[in-house]
Amino acid sequence: KAKLLETISRVGGKKATDLALSETKSTNADIKDAAIRGLSESPNVAIAPELLRIAKETSETKHQVLALRGYIRLLGESKTSVTKKLIGYKTAMQLATRPDEKKQILSGLADIRTTDSFRIAAPCLDDAEVAKEAALAITKIVMPHGDDKAGLQSYEVASALAKAAPLLEESRQRKRVERSGHGRQDGRSG
């Protein structure tokens, strides 16, 4: 039953999803594990709030990790507004305890070029386990891109980029930050 439950919840469909959701409360550890594992791999964006609920409520690390990873993945794939995505990523970052999930969140934030996404990502520069990924995400968020000739500019951004630049492994990215003047502590372009 557990293997079947895991498989059908991955495939999706209302009945399969409802069954899997009901089994997340099962007293049978194998059934509960299969339900959460299957839901975490589901293509159904509508179950993201349920995965977040599981991640918040479970006391088992493996279930929290599976649910949080599934939630973050579905959040990135969703067509929801930028504001809702940012709220979701911020909530996920507060729940994330492992580097893998933080890296997944940073990857999603890197595609949202706003001051709010920058502010969610910036504290990760001080987390040695994800500092390089945070540097990449922040650089992508704040640097000029396409029609945006200025990028994000403030003392806060300049300070974070000064911290991020040495962490950028690719010298081309590091030089781009340094040439742009975004890494200057006075926040002015150079």
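**Helix 4, helix 5 and Gln 64**

So, of the 190 residues of this protein, 46% count as buried. Before I go on, please keep in mind that this is a predicted model. As for the overall make-up, we have 11 helices and zero strands. If you read the elements off from the N terminus, you get α-α-α-α-α-α-α-α-α-α-α. And if you take the contacts with a separation of 6 or more, 58% of them come from residues 24 or more positions apart.

Okay, let's zoom in on helix 4, residues 48-57. Which residues of this helix are buried? They are Ala 48, Leu 51, Leu 52, Ile 54 and Ala 55. These five cover an arc of only 160 degrees around the axis, so they sit on the same side of helix 4. Now turn the helix around. On the face turned away from that buried side you'll find the exposed residues Pro 49, Lys 56 and Glu 57.

So what covers the buried residues of helix 4? The cover includes helix 3, which is 29-40, along with helix 5 and helix 6, which is 82-95.

I'd like to stay with one of those partners, helix 5, residues 61-77. Helix 4 and helix 5 have their axes 8 Å apart, and they pack at an angle of about 150 degrees. Anything over 145 counts as roughly antiparallel, and that is why we call helix 4 roughly antiparallel to helix 5. The crossing of helix 4 past helix 5 is left-handed.

Who makes the contact here? From helix 4 we have Ala 48, Leu 51, Leu 52, Ile 54 and Ala 55. Those names should ring a bell, since they are the buried residues of helix 4 that I listed a moment ago. From helix 5 come His 63, Gln 64, Ala 67, Leu 68, Gly 70, Tyr 71 and Leu 74. Sorted by type, the residues of this contact are nine nonpolar, three polar and no charged.

Last stop: Gln 64, which lies in helix 5 and is part of that contact with helix 4. Is Gln 64 buried or exposed? Its relative accessibility is 12%, and buried means under 20%, so Gln 64 counts as buried. And what does Gln 64 touch, leaving aside its neighbours within four places in sequence? It is in contact with Ala 55, Thr 58 and Leu 95. Of these, Ala 55 is one of the buried residues of helix 4, and Leu 95 belongs to helix 6, 82-95.

Conventions
Residues are numbered from 1 along each chain as its sequence is written. This is a predicted model: local features need pLDDT of at least 70, side-chain atom pairs count only at pLDDT 80 or more; totals for chains, interfaces and linings use all residues. Side-chain values use heavy atoms; hydrogens and water are left out. Helices (H or I, at least four residues) and strands (E, at least two) are DSSP runs, numbered from the N terminus. Buried means under 20% relative accessible area, exposed over 50%, partly exposed in between (1.4 Å probe, protein chains only). Contact means heavy atoms within 4.5 Å. The arc is that of the directions from the helix axis to the C-beta atoms. Axes are lines fitted to C-alpha atoms, for helices over the stretch in contact, and angles run from 0 to 180 degrees between N-to-C directions. Angles under 35 degrees count as roughly parallel, over 145 as roughly antiparallel, 65 to 115 as roughly perpendicular and the rest as oblique. A crossing is left-handed if the near helix is turned anticlockwise from the far one by less than a right angle, and right-handed if clockwise. Ala, Val, Leu, Ile, Met, Phe, Trp, Tyr, Cys and Pro count as nonpolar, Asp, Glu, Lys and Arg as charged, and the others, Gly among them, as polar.
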